[in-house]
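Visitor: I am new to this one. Can you walk me through it?

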Amino acid sequence: MSKATQSFLTDRASESRDPTGILPSQRMLAEITEMIHMGYLVHNTILTPDSDENDDLIYGNKMAILTGDFLLATASLELAKLHNTKTVELISEAIADISEGAFLQMDNSPSVLP
């Protein structure tokens with residue numbers, strides 16, 4: 001993630017900072033990262049059925065999958081709007097690594113999806 005941030009900042013030197021000293025593009029990149037993280041957490045709740053977090057799962061697997069997918073799709077759309085191909089590439093690699101890790105984790109546990 002730090003590679004993406006560094007690559008992103010070199011292209012945004014002319015942006016104006018807010019009172020906290022954060023560039024709008026930096027804030028957007030942080031929000032995108034949080035959307036990706038939240039999408040992962042929502043999907044992960046389905047993949048770990050023994051977790052205490054599942055006690056709060058009201059709407060079921062379909063809604064959780066759709067919610068996680070929506071967060072990931074929204075993050076991808078916002079990422080494209082940043083117009084920085086290196087950042088898109090690095091974030092995409094991170095998403096691919098997370099997905100691969102989830103598949104590897106599933107190989108070691110019983111199937112829980114309907």
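**Helix 3 and its surroundings**

Guide: Start with helix 3 in this predicted model. Its buried residues are A64, G68, L71, A75, E78 and L79.

Visitor: How are these residues placed around the axis of helix 3?
Guide: They cover an arc of only 110° around the axis. That puts them on the same side of helix 3.

Visitor: Which exposed residues sit on the face turned away from the buried side of helix 3?
Guide: Look at the face of helix 3 opposite its buried side. The exposed residues there are K62, L66, F70 and L77.

Visitor: How far apart are the end C-alpha atoms of helix 3?
Guide: Helix 3 has 21 residues. At 1.5 Å a residue, they should span 30 Å. The model agrees, because the end C-alpha atoms are apart by 30 Å.

Visitor: Is E78 buried or exposed?
Guide: Buried means under 20% relative accessible area. E78 has 18% relative accessibility, so E78 counts as buried.

Visitor: Which residue forms a salt bridge with E78?
Guide: The partner lies 3 residues away in helix 3, about one helical turn. The closest N and O atoms are 3.2 Å apart. This partner is partly exposed, with a relative accessible area of 49%. The residue is K81.

Visitor: Which helix supplies the largest share of the largest nonpolar core?
Guide: The largest nonpolar core has 13 residues, with I32, I36, L79 and I91 making the most contacts inside it. Helix 2, helix 3 and helix 4 each supply at least two residues of this core. The largest share, 6 residues, comes from helix 2.

How values were computed: Residues are numbered from 1 along each chain as its sequence is written. This is a predicted model: local features need pLDDT of at least 70, side-chain atom pairs count only at pLDDT 80 or more; totals for chains, interfaces and linings use all residues. Side-chain values use heavy atoms; hydrogens and water are left out. A nonpolar core is a set of buried Ala, Val, Leu, Ile, Met, Phe, Trp, Tyr and Cys residues joined through side-chain atoms within 4.5 Å. Buried means under 20% relative accessible area, exposed over 50%, partly exposed in between (1.4 Å probe, protein chains only). Helices (H or I, at least four residues) and strands (E, at least two) are DSSP runs, numbered from the N terminus. The expected span of a helix is 1.5 Å times one less than its number of residues. The arc is that of the directions from the helix axis to the C-beta atoms. A salt bridge is a side-chain nitrogen of Lys or Arg within 4 Å of a carboxyl oxygen of Asp or Glu.
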